[in-house]
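Visitor: I have some questions about charged pairs and burial. Can we go through them one by one?
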Amino acid sequence: TAIRHSLGESSKMLSRLFQPADIIEIRAINGKEVQHLYCNTDTFADIHGKLVNLNDDGFNIYFGVLPRAAVGGTKAKDVLPGRVLCVDKDGIEAEQLLADIEQAGLPRPTLAIASGGGGQAFWVASVDVDPDEWVSLQLGIIETVDGADSSVRDKPRIMRLAGFRNRKSKYSPDFPMAHIIDFQDTGDVDVTSWRRGGKFSGDPDAPPAIKVPDGYLSAKARAF
């Protein structure tokens, strides 16, 4: 039996996270079988039907967090500066991730999803972030949010796309639908203060945000 999917949910997520000209990699994975599709926010609807069929056939559907330089790009050398920062935490109710983010002193995410196995949250920066700096900021998020997935800092990072089922075998037979649980239309994050290791702008009473030690990127992040 075919499962129901939401074009609106997926499009809403991608349209909020990406600029219109960004090349977005959509990656479908079923075990060792991988398919790569590419779109922008306007053309995603054209490939949605194929993604639905792949999801029905057992593929998990993900998207590349950083824009790709060209169609076919899948590796670190293929990414461009982007505006999306993210965090992933498995084995919890998705709402718990929002509480953990608040407890860590970070601003409310631009959007958050229930991934079917936990929660994922995303911040949209007000300016493009260079890929090397993106890795550094991701490492800071991992250190700041308790229990965050420590692998979410590679430049070609993919995250789950809302509007599709989590088809990992451990979630059989229900295969929960990934869906948006929190969404902000406006209020992109000013990462200039994040870069300095200070407070996020716009909230003078917020506790200190992420502090990335000098040399942390070269010592740890460049290995990935």
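Visitor: Why does D182 count as buried or exposed?

Guide: This is a predicted model, so every value is computed from it. D182 has 17% relative accessibility. Buried means under 20%. Therefore D182 counts as buried.

Visitor: What makes D182 and R108 a salt bridge?

Guide: Their closest N and O atoms are 2.9 Å apart. The cut-off is within 4 Å, so the pair qualifies. It links distant parts of the chain: D182 sits in strand β8, R108 in the loop between α3 and β5, 74 residues apart.

Visitor: Why is R108 called partly exposed?

Guide: R108 has 47% relative accessibility. Buried needs under 20% and exposed needs over 50%, so R108 falls in between.

Visitor: How do you know that D188 and R16 form a salt bridge?

Guide: The closest N and O atoms are 2.8 Å apart. That lies within 4 Å, so the term applies. D188 is in the loop between β8 and α5 and R16 is in helix α1, so the pair ties together parts 172 residues apart in sequence.

Visitor: Which burial classes do D188 and R16 get, and why?

Guide: D188 has a relative accessible area of 35%, so it is partly exposed. R16, at 13%, is under 20% and therefore buried.

Visitor: What does the K89 and D100 pair tie together?

Guide: K89 forms a salt bridge with D100, with closest N and O atoms 2.5 Å apart. K89 lies in strand β4 and D100 in helix α3, so the pair ties together parts eleven residues apart in sequence. Both K89 and D100 are buried.

Technical notes. Residues are numbered from 1 along each chain as its sequence is written. This is a predicted model: local features need pLDDT of at least 70, side-chain atom pairs count only at pLDDT 80 or more; totals for chains, interfaces and linings use all residues. Side-chain values use heavy atoms; hydrogens and water are left out. A salt bridge is a side-chain nitrogen of Lys or Arg within 4 Å of a carboxyl oxygen of Asp or Glu. Helices (H or I, at least four residues) and strands (E, at least two) are DSSP runs, numbered from the N terminus. Buried means under 20% relative accessible area, exposed over 50%, partly exposed in between (1.4 Å probe, protein chains only).
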